[in-house]
Amino acid sequence: MSTVLEKAKSHMRDKIGAGLKGPIAVPEWETEVYYKPATTFHQESKVIELQQAGKTVEALVQTLINRALDKDGKHIFRMADKQDLMRGVDPAVILRIISDMNDEEMYDGENLEEVALKN
């Protein structure tokens, strides 16, 4: 295996193993959301697929499912929750959580959807 590939893999392990970020306070849900500072292409493949198909809302919900964790690092939502999240949850809250997960430097006040889909 190439030395560069080993270094690249080690870098990603370090990013993912850096611990949880957050919490993001979600008073509407009476909870806090944590997340990892990075995700892999494997984890985000469904988000990318949905985005390329023009299914922006579904991609945002998928991002929430992929990234939202409790304080113990366990996923808050499951794939089975997707339809409920899309149909019965305030989209503004979902967008706020996803935007808080992203680097504030990337958000200019106008590009929330674009920034949210990057993670």
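How many helices and strands does the secondary structure of the protein chain contain? The count comes to six helices and two strands. Here helices (H or I, at least four residues) and strands (E, at least two) are DSSP runs, numbered from the N terminus. Read along the sequence, their pattern is α-β-β-α-α-α-α-α.

Before I continue, a word on the source. This is a predicted model, in which local features need pLDDT of at least 70 and side-chain atom pairs count only at pLDDT 80 or more, while totals for chains, interfaces and linings use all residues. Residues are numbered from 1 along each chain as its sequence is written, and side-chain values use heavy atoms, with hydrogens and water left out.

Let me begin with the chain as a whole. Of its 119 residues, 30% are buried; buried means under 20% relative accessible area, exposed over 50%, and partly exposed in between, with a 1.4 Å probe and protein chains only.

I turn now to the interior. In soluble globular proteins, nonpolar side chains tend to be buried together. A nonpolar core is a set of buried Ala, Val, Leu, Ile, Met, Phe, Trp, Tyr and Cys residues joined through side-chain atoms within 4.5 Å. The largest one in this model has 16 residues, and those with the most contacts inside it are Ile-24, Val-33, Leu-64, Ile-97 and Met-101. At least two core residues come from each of strand E1 (21-26), strand E2 (31-35), helix H3 (56-67) and helix H5 (91-101). H5 gives the largest share, five residues.

Consider Val-33 more closely. Contact means heavy atoms within 4.5 Å. Leaving aside neighbours within four places in sequence, Val-33 is in contact with nine residues' worth of partners that include Ile-24, Ala-68, Ile-97 and Met-101.

Beside it in number is Glu-32, whose place is in strand E2. Glu-32 is partly exposed, at 40% relative accessibility. With the same neighbours set aside, Glu-32 is in contact with Pro-23, Ile-24, Ala-25, Leu-69 and Ile-76. Its C-alpha atom is separated by 9.4 Å from that of Ala-68, 36 residues apart along the chain.

Pro-23, one of those partners, lies in strand E1. A cis peptide bond joins Gly-22 and Pro-23, with omega about 10 degrees.

Next, the loop between E1 and E2. Glu-30 lies there and has a positive phi of about 55 degrees although it is not a glycine. At 75% relative accessibility, Glu-30 is exposed.

Which residues form the aromatic pair, and is it stacked or edge-to-face? Rings of Phe, Tyr and Trp (its six-membered ring) pair if their centres lie within 6.5 Å; planes under 30 degrees apart count as stacked, over 60 as edge-to-face and the rest as tilted. The count comes to one pair. Trp-29 and Phe-77 have ring centres 5.9 Å apart and planes at 85 degrees, so the pair is edge-to-face. Trp-29 is in the loop between E1 and E2, and Phe-77 in the loop between H3 and helix H4 (82-88), so the pair ties together parts 48 residues apart in sequence. Trp-29 is partly exposed, at 25% relative accessible area, whereas Phe-77 is buried, at 16%.Finally, helix H2 (residues 41-52) and H3 pack at an angle of about 170 degrees, with their axes 8 Å apart. H2 is therefore roughly antiparallel to H3.

Definitions and conventions. Axes fitted to C-alpha atoms, helices over the stretch in contact; angles between N-to-C directions. Parallel < 35°, antiparallel > 145°, perpendicular 65-115°, else oblique.
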